[in-house]
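Here is a walk through one protein model, written for someone meeting it for the first time. Have a look at the structure below, then read on.

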Amino acid sequence: MTLSDLCELVARYYPDGERTLPRILFVWTMHDEDGNLALLLTQAKTKVSIFSLAVESFIEDRVEEDRRVLTRTVVETRKKPVTAYDVLATLCDSPDHRIHRALKSAGIDMTALAICAKHAGYAAHRKILLGEQRALRNDGVLLQYGRDLTKLAENGDFDDLSDRPDEIDRLFEVLLRKRKRNAMLTGPAGVGKTALVELLSRRIARHLAPARLFRTRVYEVSLGSLLAGTTLRGMFEERVSKVIAALQACQPAILFIDEAHLLWGAGRAEGAPMDAANMLKPILAGSKVSVIGATTTGEYHRYITRDPALARRFQQIKIEEPGREATLTILTRHAQGLESHHRIRIGTDLLSEAWHATERHLSNRTQPDKSVDLLDSAAGLVEREGRDEMGMEDLYRVLSRQTGRMMSALGEGRTRDLTGLEDSLNRQVIGQEDAVQRVVSTLVSRRYGEATPCRPLGTFLFSGATGVGKTELARTLAREYFGSQKDFLHVDLAEYPGQDGVHKLIGMPYGSAFGTADGLLTRWLEERSSGVILFDEIEKAHPDVLRLLLGMLDEGRITSGMGERFDIRRCVVILTTNVLTHRDIDRVKLGFSASDDPSDPFALLAKHFPEEFLGRLDEIIIFKTPTVPILRTIMGQKLKEAVSRLKHKGIFLIYDEDRLLDHLLAGTGRPWAGARDIARLIERKLIQPIARRLIDCNTQEWVCIELTESFYRSGTLNPLPLLQDPGPPPDYPDNPATALNARQ
């Protein structure tokens, strides 16, 4: 052990930092992990305990003769660095020193101790010199395919990282083992696995690690660099062999492999069993080399655990996502580096806001990575605009770009103000005012925290006849509240009747013989942290799918087949069912209660679904059967959409709107069939006759058709109403009544 190593240990143990001779000798007795000091004292016919007691009585001394001994040792030692044996030899050659006399009084043979210390010093110098020469000669291969993290730490590259003592101590525990001193860091992407190895390098560089690791180098090797350019068989194996040989020659050294799951199968040729993992197995099981790998939990189980011989050689260390206080500590250190890099000021209040905003709007990413990314991007925005201080609005401007939704600090980053949402939904979903009001009321409650924070924004069961607006309300809510149709996921559970329905939603489990494909739901959640999830026709799904939904509705989270957890607390979950007939709906009580009334919605639905499932819903909403006036309003809305589509194709209609609506509604014999029946009526009674008429005519670029009395009586178009003109199309007003008056 060198004098520098002992001085660093003294600084750790004594708050005042005074590196006195008694403290240096005493700390040496505490950190004799290799047993060299004990062996040396045995040769001098004494024990470590006797030596320690003799030195301990001088711990608090600060005298000039101690400094003279240390200075003399540094000056007279011709070979560098100065070792602990050199200090002891100098003390043994100072018979007038008080510690020398104390050791002699304790029965220690100082002459024999001096001879042993000098011989041990020569051996230590020779070992250090050979080790340094060997490392300089062999680490070129390691640097060719990677980097020296310890050297980067010595240069201050990792100074902006905040310490994580619990995880570091667990890593030290593995690295100090006698055999299989290999750690596999697992956890979600962005949780800080690579940063933990960089922290380890910083501790080693600053001598804040266990003494046995003081002279250890940490090398990171990229598997991508090893694979690059290996066009011929055997080239990759040769490179890996050189890396292993260089690592063994550079001991003490630690090899770090990021994305360690790539070891499995890396460099494997067709028909050959050898890959990087199999080449590393012999050294992983030994006691001379330490390897640290890092990968996500899913990739670890997908690849590493599939090879038990490889998995047992690593000690798995699970890196959990840090809590709020730990994340803020990390952000404080990163903010200092960002201020220096971007030359701006970042207020401490912004750190808490960055954590809050990312937790709310980037729920499927991991801390601290997502908060650090947000601060870095916002700092770059401020620098580009030539300002010297970051504001809260800058965070939300960047967040708006990342999520594709407009956000502001004034609105606390929420997607849309609820003011006017109910009116907007009612304009597009006709005749379901009660359903809209109950949905909006739940969203208001969630916004102001009047509910359990671990649940989704809202969980609803929409029940009603087909075509009454259940799916339309879900689709419109996604567009109006979350801002985009991309925030809407439609899951038709009629496609999930079998036992494999769960795997289609969340992906295949570990080791599945059918592959590891992602599920529909988890794939959408990877891209969108919020939105509307619609599970349509749940009565047609397999019971396993309903059991999957139980936990999702209650906890606001769902776990994929590969073990990754997804947060849906920023989502609205809507389920629809058609199990109630229009007769049930006509006599049902609007509202929600758990009574035994046979017309109660809960009682009616409990015949088809488990009560524990219904009990996890915020609202059970029965959609009304549309009346004739409501159907007329819906028909008018659908008619305008159909006329607009015809106009885009160069087909212009002149018609009396009231007369046409009466004509179309005359075929409505099933009011409970809803909007789908209306769409079919428009298709059958308007679009099809026009299409048949146009086939018989030699039309030009556009046509204009007037619906006359014969159309309303018999549904046919006579030749006379068809007008053709090769010139520009007419500029008819959008109002058909105005166009009809102009025609007349």
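Leu-255 has Val-291 of S5 as its bridge partner. S4 and S5 run parallel here, paired over five bridges; two strands count as paired if DSSP finds at least two bridges between them. Helices (H or I, at least four residues) and strands (E, at least two) are DSSP runs, numbered from the N terminus. This is a predicted model, in which local features need pLDDT of at least 70 and side-chain atom pairs count only at pLDDT 80 or more, while totals for chains, interfaces and linings use all residues. Residues are numbered from 1 along each chain as its sequence is written, and side-chain values use heavy atoms, with hydrogens and water left out.

**The mixed sheet**

On its other side, S4 meets strand S3 (residues 217-221), again in the parallel sense, over four bridges. Two partnerships between these strands are Tyr-219 with Leu-255 and Glu-220 with Phe-256. Step back, and you see an open sheet of six strands in the order S1-S3-S4-S5-S2-S6, with mixed pairing. Strand S1 (146-148) and strand S6 (315-318) sit at the edges with a single partner strand each, so one side of each has no neighbour in the sheet. From one strand to the next, the twist averages 20 degrees; axes are lines fitted to C-alpha atoms, for helices over the stretch in contact, and angles run from 0 to 180 degrees between N-to-C directions.

S4 is largely enclosed by the rest of the structure, because five of its six residues are buried. Buried means under 20% relative accessible area, exposed over 50%, and partly exposed in between (1.4 Å probe, protein chains only). Helix H10 (residues 165-175) lies across strand S2 (183-186), S4, strand S5 (290-295) and S6, at about 175 degrees to S6.

**A cavity beside S4**

Leu-255 turns up again in the lining of the largest cavity, along with residues including Val-221, Val-240 and Leu-280. For cavities, a 1 Å grid is laid over the protein atoms alone, and a cavity is a set of points where a 1.4 Å probe fits but cannot get out; lining residues have an atom within 4 Å of a point. Grid points are joined across faces, edges and corners, and a volume is the space filled by probe spheres set on the points. The whole structure has three cavities of 30 Å³ or more, and the largest holds about 90 Å³.

Which elements supply at least two lining residues each? They are helix H12 (223-227), helix H13 (235-249), strand S4 (253-258) and helix H14 (276-284). H13 gives the most, with three residues. The lining comprises eleven nonpolar residues, no polar and no charged ones. Here Ala, Val, Leu, Ile, Met, Phe, Trp, Tyr, Cys and Pro count as nonpolar, Asp, Glu, Lys and Arg as charged, and the others, Gly among them, as polar.

**Backbone oddities**

Most residues other than glycine have a negative phi, and most peptide bonds are trans. Two cis bonds go against that habit:

| Cis peptide bond | Omega |
|---|---|
| Gln-251 and Pro-252 | about 5 degrees |
| Gln-367 and Pro-368 | about 0 degrees |

Pro-252 lies in the loop between H13 and S4, while Pro-368 is in the loop between helix H18 (348-361) and helix H19 (369-384).

Phi is positive, near 50 degrees, at Lys-180, in the loop between H10 and S2. His-207 also has a positive phi, near 60 degrees. Is His-207 buried or exposed? His-207 is buried, with a relative accessible area of 13%.

**The parallel sheet**

Further along the chain there is an open sheet of five strands, ordered S8-S9-S12-S7-S13 and paired in parallel. Its edge strands, strand S8 (488-492) and strand S13 (619-622), each pair on one side only. S8 joins strand S9 (residues 531-536) over five parallel bridges, with His-490 opposite Leu-534. Helix H25 (residues 520-527) packs on this sheet, touching S8, S9 and strand S12 (571-577), and makes about 170 degrees with S9; contact means heavy atoms within 4.5 Å.

**The whole protein**

The protein has 34 helices and 16 strands, and 51% of its 744 residues are buried.

Definitions and conventions. 1 Å grid on protein atoms, 1.4 Å probe; cavity = no way out; pocket = protein on both sides within 12 Å on 5 of 7 lines; lining within 4 Å.
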